[in-house]
Amino acid sequence: MPRPQTRMTRQRMIILEELRKVHTHPTAEELHSRVRERMPRISLGTVYRNLDLLAASHQVVKLESAGTMRRFDGNTAPHRHVRCVRCGRVADVPAAMFRDADPDVSGVHVDGFAVTSARVEYDGLCDQCAAPRA
């Protein structure tokens, strides 16, 4: 599928740079705080709009699950994610760990859909949430 063209504005470039600096899969609000250090007047709405455009052009990955906050990933290389069911933190799962489990969806048609990709996200409990509380 061809990627939509997205003009790289200064704001969009800074948002992308800040997202690619971190590996924490931030929310738009968390990323907004980082971007404001470089662009103090940028609004949260501008960050949201630009993240949506960057996701539509496949320059970032938007992580959405029902009932959770949207998070964003600047790493577009094939990999999976694990999300803490208590705090919502997201971490990368290396693709090599589950290579045999990846289904080949090329040419698959299901109920009137031509399947183009598959995304797997794991649920778990992060070390901080699993630790006994004092």
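In which loop is H58 found? In this predicted model, H58 lies in the loop that connects helix α3 with strand β1 (61–63). The backbone of H58 adopts a positive phi of about 65°, although the residue is not a glycine. With a relative accessible area of 35%, H58 is classed as partly exposed. A second histidine invites comparison: H25, placed in the loop between α1 and α2, likewise shows a positive phi, near 55°, in a residue other than glycine. H25, however, is buried, its relative accessible area being 2%.

The overall architecture of the protein chain comprises 4 helices and 7 strands, which follow one another from the N terminus in the order α-α-α-β-β-β-β-β-β-β-α. The C-alpha trace spans about 50 × 45 × 25 Å along its principal axes. Of the 134 residues in the chain, 32% count as buried. Among the contacts with a sequence separation of 6 or more, 48% are accounted for by residues that lie 24 or more positions apart.

The helices at the start of the chain were examined in pairs. Helix α1 (residues 10–21) and helix α2 (residues 28–36) have axes that come within 10 Å and cross at roughly 110°, and the two helices are therefore roughly perpendicular to each other. The crossing of this pair is right-handed. On the α1 side the contact is made by I14, I15, E18, L19 and K21, and on the α2 side by L31, R34 and V35. When these residues are sorted by class, the contact of α1 with α2 contains 5 nonpolar and 3 charged residues, with no polar residue.

A corresponding arrangement is seen for the next pair. The axes of α2 and α3 come within 9 Å and cross at roughly 115°, an angle that makes α2 roughly perpendicular to α3. Here, too, α2 passes α3 in a right-handed crossing. The residues of α2 that take part in the contact are A28, E29, L31 and H32, and those of α3 are L44, V47, Y48 and L51. By class, the contact of α2 with α3 has 6 nonpolar residues, together with 1 polar and 1 charged residue. L31 of α2 thus appears in the contact with α1 and also in the contact with α3.

Helix α3 (residues 44–56) also carries L54, which counts as buried because its relative accessibility is 0%. Once the neighbours within four places in sequence are set aside, L54 is in contact with M8, R12, I15, L16, Q59 and V60. One of these partners, I15, also belongs to the α1 residues that touch α2. By contrast with these contacts, L54 and E121, which are separated by 67 residues in sequence, lie 21 Å apart in space from C-alpha to C-alpha.

Attention then turned to the strands. An open sheet is formed by 3 strands in the order β4-β3-β7, with mixed pairing. Strands β4 (90–93) and β7 (121–124) stand at the edges of this sheet, each with a single partner strand, so that one side of each is left without a neighbour in the sheet. On average, and with direction ignored, neighbouring strands are turned by 30° against each other. Strands of a sheet pair through backbone hydrogen bonds, in either the parallel or the antiparallel sense.

The pairing in this sheet can be followed from strand β3 (residues 80–84), which is joined to β7 in the parallel sense over 4 bridges. Within this pairing, V82 has Y122 of β7 as its bridge partner, while R83 is matched with D123 of β7. Towards β4, strand β3 runs antiparallel and is likewise joined by 4 bridges, and here H81 has D92 of β4 as its bridge partner. Strands β3 and β4 form a hairpin with 5 residues between them, and in the turn G88 has a positive phi of about 90°. With 4 of its 5 residues buried, β3 is largely enclosed by the rest of the structure.

Key
Residues are numbered from 1 along each chain as its sequence is written. This is a predicted model: local features need pLDDT of at least 70, side-chain atom pairs count only at pLDDT 80 or more; totals for chains, interfaces and linings use all residues. Side-chain values use heavy atoms; hydrogens and water are left out. Axes are lines fitted to C-alpha atoms, for helices over the stretch in contact, and angles run from 0 to 180 degrees between N-to-C directions. Angles under 35 degrees count as roughly parallel, over 145 as roughly antiparallel, 65 to 115 as roughly perpendicular and the rest as oblique. A crossing is left-handed if the near helix is turned anticlockwise from the far one by less than a right angle, and right-handed if clockwise. Contact means heavy atoms within 4.5 Å. Ala, Val, Leu, Ile, Met, Phe, Trp, Tyr, Cys and Pro count as nonpolar, Asp, Glu, Lys and Arg as charged, and the others, Gly among them, as polar. Two strands pair if DSSP finds at least two bridges between them. Buried means under 20% relative accessible area, exposed over 50%, partly exposed in between (1.4 Å probe, protein chains only).
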